[in-house]
Amino acid sequence: MPQAFTVHDYADRMARATESATRAGLSGLVVTPGPDLLYLTGYQPVALTERLTALVLAPDRPPTMIVPRLERPDAQGATGAPALTLTDWADGADPYQAAGPLLDPAGSYGISDSAWALHLLGLQETLPSTRFRPLTRALPMLRAVKDDDELERLAAAGAAADETFRSILSVPFAGRRETEVAADLTRLLLEYGHSQVDFTVVGSGPNGANPHHEAGERVIRQGDTVVLDFGGLKDGYGSDTTRTVHVGEQAPDEVRKVHEVVRRAQQTAFEAVRPGVACQEIDRVARAVITDAGYGEYFIHRTGHGIGLTTHEPPYMVEGEEQTLVPGMCFSIEPGVYLPGRFGVRIEDIVTVTDTGGRRLNNTPHDLGVVA
Ligand code: ZN
Ligand code: ZN
Ligand code: ZN
């Protein structure tokens, strides 16, 4: 079991977030329930409701969180609460009027991507000259650089996903529905210590050509290529890995060829990881390998995404993302080729940036796995 985060961890994170906001030219941050609030305070309301909860970070005031009065005892119980000033509003009052004094009426704030439109519009009505920008655009690095405790959790989640893959190789595929193999993946992820399963993609045959196919009623057949992409949360941090397998030893030449191209793309992108390289460069080098092999138009998905308290988060490894890699960042490298009506191939590892390069948090073999 990793060590629990302390009030000092949360106080440091809030101080760093406030500094980054200032550097980004913002007056501060408005953080609503979800992964940003959990990261900064350890607080997760019991249920996400229509009542406004918001943490306001700004350089000229101590971190302040406004909560519904009836949820105040819950908020007080959060690990980060001693580092916060709490204020509340009662049912029947206008929460936006109550929050107004916390914000600069002429300021500009980063606001959580997941803030409800209800709340953002309410704040805008109360403070018509205050501007808001989504945190993905304003501060994509807010949660991106992981400390050692977070890295330990992400590595453990990756190792559990790897155990899941090793075990799934020995379950029967031919003659069973995708949903049955997906249920095996769920069971194994939980057995290996996950508390939550976010996705279990089993894309057999033509279903593999849809990167976001989950699992359906199709019965898997001998000779199918199957994309397996699964992950969830273990001790609060995410796993996400993909391997492509073949049902039976005799994979057709084109499946072998495409798999080898994707393997090389994944390896080339991994070898490009080092501090100072732009996120879009990771996408470009993977894409160049696949394009040179003639499959560029079938690589329809970005190359990767950040991972941490959630299984998908900024910054993204995609054309246009100029943010540079920093030691401690964790993200997926998941090139793929998706041939409509035929099959798909994807290989995905979570990688962390070290001082000199990259380190994989998924370590199962990259060859085309064989299942029965
Ligand atoms: Zn995707
Ligand atoms: Zn994935
Ligand atoms: Zn992924």
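A salt bridge is a side-chain nitrogen of Lys or Arg within 4 Å of a carboxyl oxygen of Asp or Glu. Arg13 and Glu150 form such a salt bridge, with 3.9 Å between their closest N and O atoms. The pair counts because 3.9 Å falls within the 4 Å cut-off. The model is predicted.

The protein chain divides into domain 1, residues 7–138, and domain 2, residues 148–371. Their C-alpha centres are 34 Å apart. Domain 1 brings five residues to the contact, and domain 2 brings six residues. Between the two domains about 420 Å² is buried. Carbon and sulfur atoms give 68% of that area. On the side of domain 1, Pro35, Tyr39 and Thr136 supply 69% of the area buried against domain 2. No other three residues of domain 1 supply more. One salt bridge is found across this interface.

Three zinc sites were then examined. The zinc ion (ligand 2) is coordinated by Asp229, Asp240 and Glu348. Asp229 is listed twice, each time through OD. Asp240 also donates through OD, and Glu348 through OE. The distances run from 2.0 to 2.5 Å. The angles among the four donor atoms span 56 to 145 degrees, and the site is irregular. In sequence, the donor residues follow the spacing D-x10-D-x107-E. Distant parts of the chain are linked here: Asp229 is in strand β8 (residues 225–234), and Glu348 is in the loop between β15 (343–346) and β16 (349–353). These two residues are 119 residues apart. Asp229 has 7% relative accessibility and counts as buried. Glu348 is also buried, at 0%.

The zinc ion (ligand 3) takes its donors from Asp240 (OD), His305 (NE2), Glu334 (OE) and Glu348 (OE). The distances here are 2.0 to 2.2 Å. The site is again irregular, with angles of 83 to 163 degrees among its four donor atoms. The sequence spacing of the donor residues is D-x64-H-x28-E-x13-E. Asp240 lies in the loop between β9 (237–238) and β10 (241–247), and Glu348 in the loop between β15 and β16, so the pair ties together parts 108 residues apart in sequence. Asp240 is buried, with a relative accessible area of 1%. Asp240 also bridges the zinc ion (ligand 2) and the zinc ion (ligand 3). Those two ions lie 3.1 Å apart.

The zinc ion (ligand 1) is coordinated by His212 and His301. Both histidines donate through NE2, at 2.0 Å. The zinc ion (ligand 1) is 5.9 Å from the zinc ion (ligand 3). His212 lies in the loop between β7 (196–204) and β8, and His301 in the loop between α10 (279–292) and β11 (304–306), so parts 89 residues apart in sequence are tied together. His212 is exposed, with a relative accessible area of 61%. His301, in contrast, is buried at 15% relative accessibility.

Strand β8 also holds Thr225. Thr225 is buried, with a relative accessible area of 3%. Neighbours within four places in sequence are left aside in its contacts. Among the residues that Thr225 then contacts are Gly203, Ser204 and Gly205. Thr244, Val245 and His246 are also in contact with Thr225. Its further contacts are Val255, Phe343 and Gly344.

How values were computed: Residues numbered from 1 in each chain as written. Chains lettered and ligands numbered in written order. Predicted model: local features only at pLDDT ≥ 70, side-chain atom pairs only at ≥ 80, totals over all residues. Heavy atoms only, no water. Donors = N, O, S within 2.8 Å, 3.2 Å for Na, K, Ca; no water. Tetrahedral: all angles 85-135°; square planar, octahedral: opposite > 155°, others 65-115°. Helix = DSSP H or I, 4+ residues; strand = E, 2+ residues; numbered from the N terminus. Buried < 20%, exposed > 50% of the residue type's maximum accessible area, 1.4 Å probe, protein only. Domains from an automatic or database assignment. Contact = heavy atoms within 4.5 Å. Buried area = accessible area lost by both parts, 1.4 Å probe.
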